[in-house]
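Here is a quick walk through one chain, from what sits inside to what shows on the outside. Have the viewer open and follow along.

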Amino acid sequence: MDHILVDLASVILNGNLEAARQHVFQTAGAGTERLRRFDRIVGSSDLSADERRAIMAVTERLRSLYSTRNDIVHSPIVMAYSVEGRRISSRLTKISREGKQRDVSLSTIRKHANDVGKCIGKLEELATELAEKYLKEPDGHDQ
């Protein structure tokens, strides 16, 4: 995702790839902070209001997905077993930092991964569209 943010920032910064890298990788923190700082670049850009809204809608969705990502990545997931009569059943359980246990399903994790993938795909699509629209080669031809 970070490389797509660099691509988009490069378009916004008139093809200045080094400045885009600096903004995404060095001046921004990680995670949601990086997305917030990227939104500031988008918000102050010369892109049309519709283009800014489209990008920021995706980054807003990514920020909301980020907390789920952190929960999945940083909470241990264990197999919990229970005995009911003569039957043994199992379920996936994640344990929060506070020690609270909550059931989780593989379908929930897959859905999250698919949601993130859709957002990344939309960012790639926007980066391509905007690069084709705004970036020109030095000889005046499209890149």
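## Ground rules

Before anything else, one cut-off: a residue is called buried when its relative accessible area is under 20%, exposed when that area is over 50%, and partly exposed in between. Keep in mind, too, that this is a predicted model.

## Threonine 93, tucked away

Let's put the cut-off to use on threonine 93, a residue of strand β2. Its relative accessibility is 1%, so threonine 93 counts as buried.

What is threonine 93 in contact with, once its neighbours within four places in sequence are left aside? On one side of the sequence there are Pro76, Ile77, Val78 and Ala80, and on the other Gln101, Arg102, Asp103 and Val104. With aspartate 103 there is also a polar contact, side chain to side chain, at 3.4 Å.

## The same strand, facing out

Strand β2 covers residues 87-95, and isoleucine 88 belongs to it as well. Is isoleucine 88 buried or exposed? Exposed, because its relative accessibility comes to 62%.

Isoleucine 88 has company out there: with Met79, Tyr81 and Val83 it makes up a nonpolar patch on the surface, and together the four have about 480 Å² of accessible area. The most generous contributor to the patch is strand β1, residues 77-84, which supplies three residues.

## The nonpolar core

Now for the inside. The largest nonpolar core counts 24 residues, and Leu8, Phe38, Ile55 and Leu123 are the ones with the most contacts within it. Five helices each put in two or more residues: α1 (2-12), α2 (17-27), α3 (31-43), α4 (49-74) and α5 (106-134). Helix α1 provides the largest share, with seven residues.

Phenylalanine 38 is a good place to zoom in. Setting aside neighbours within four places in sequence, phenylalanine 38 is in contact with Leu5, Leu8, Ala9, Ile55 and Thr59. Two of those names, Leu8 and Ile55, are also on the list of residues with the most contacts inside the core.

## Salt bridges between helices

How many salt bridges does a search of the whole structure find? Eleven. As background, side chains of opposite charge can pair when their charged atoms come close.

Start with arginine 34 and aspartate 2, whose side chains form a salt bridge at 2.7 Å, N to O. Arginine 34 is in helix α3 and aspartate 2 in helix α1, so this pair ties together distant parts of the chain, 32 residues apart. Arginine 34 is buried, because its relative accessible area is 13%. Aspartate 2, at 23%, is partly exposed.

Next come glutamate 51 and lysine 133, with a salt bridge of 2.8 Å, N to O. Here the link runs from helix α4 (glutamate 51) to helix α5 (lysine 133), across 82 residues of chain. Glutamate 51 has 13% relative accessibility and therefore counts as buried, while lysine 133 is partly exposed at 47%. Arginine 61 and aspartate 115 make another salt bridge, at 3.3 Å, N to O. This one also links helix α4, through arginine 61, to helix α5, through aspartate 115, and the two residues are 54 apart. Arginine 61 is partly exposed, with 35% relative accessible area, and aspartate 115 counts as buried at 14%.

## A small network on α3

Glu33, Arg36 and Arg37 are joined in a network of salt bridges. Arginine 37 sits in helix α3. With 34% relative accessibility, arginine 37 counts as partly exposed. Arginine 37 and valine 24 are 13 residues apart along the chain, and their C-alpha atoms are separated by 8.0 Å.

## An odd backbone angle

One last stop, this time for the backbone. Most residues other than glycine have a negative phi. Asparagine 14 is not a glycine, yet its phi is positive, at about 55 degrees. Where is asparagine 14 found? In the loop between α1 and α2. Asparagine 14 is exposed, because its relative accessible area is 73%.

Definitions and conventions:
Residues numbered from 1 in each chain as written. Predicted model: local features only at pLDDT ≥ 70, side-chain atom pairs only at ≥ 80, totals over all residues. Heavy atoms only, no water. Patch = residues over 30% accessible without salt bridge, like charges linked within 9 Å, V, L, I, M, F, W, Y side chains within 5 Å. Areas by Shrake-Rupley, 256 points an atom, 1.4 Å probe, with all protein chains shown as cover. Helix = DSSP H or I, 4+ residues; strand = E, 2+ residues; numbered from the N terminus. Buried < 20%, exposed > 50% of the residue type's maximum accessible area, 1.4 Å probe, protein only. Polar contact = N/O pair within 3.5 Å; in protein donor to acceptor, adjacent residues only side chain to side chain. Contact = heavy atoms within 4.5 Å. Core = buried A, V, L, I, M, F, W, Y, C linked by side-chain atoms within 4.5 Å.
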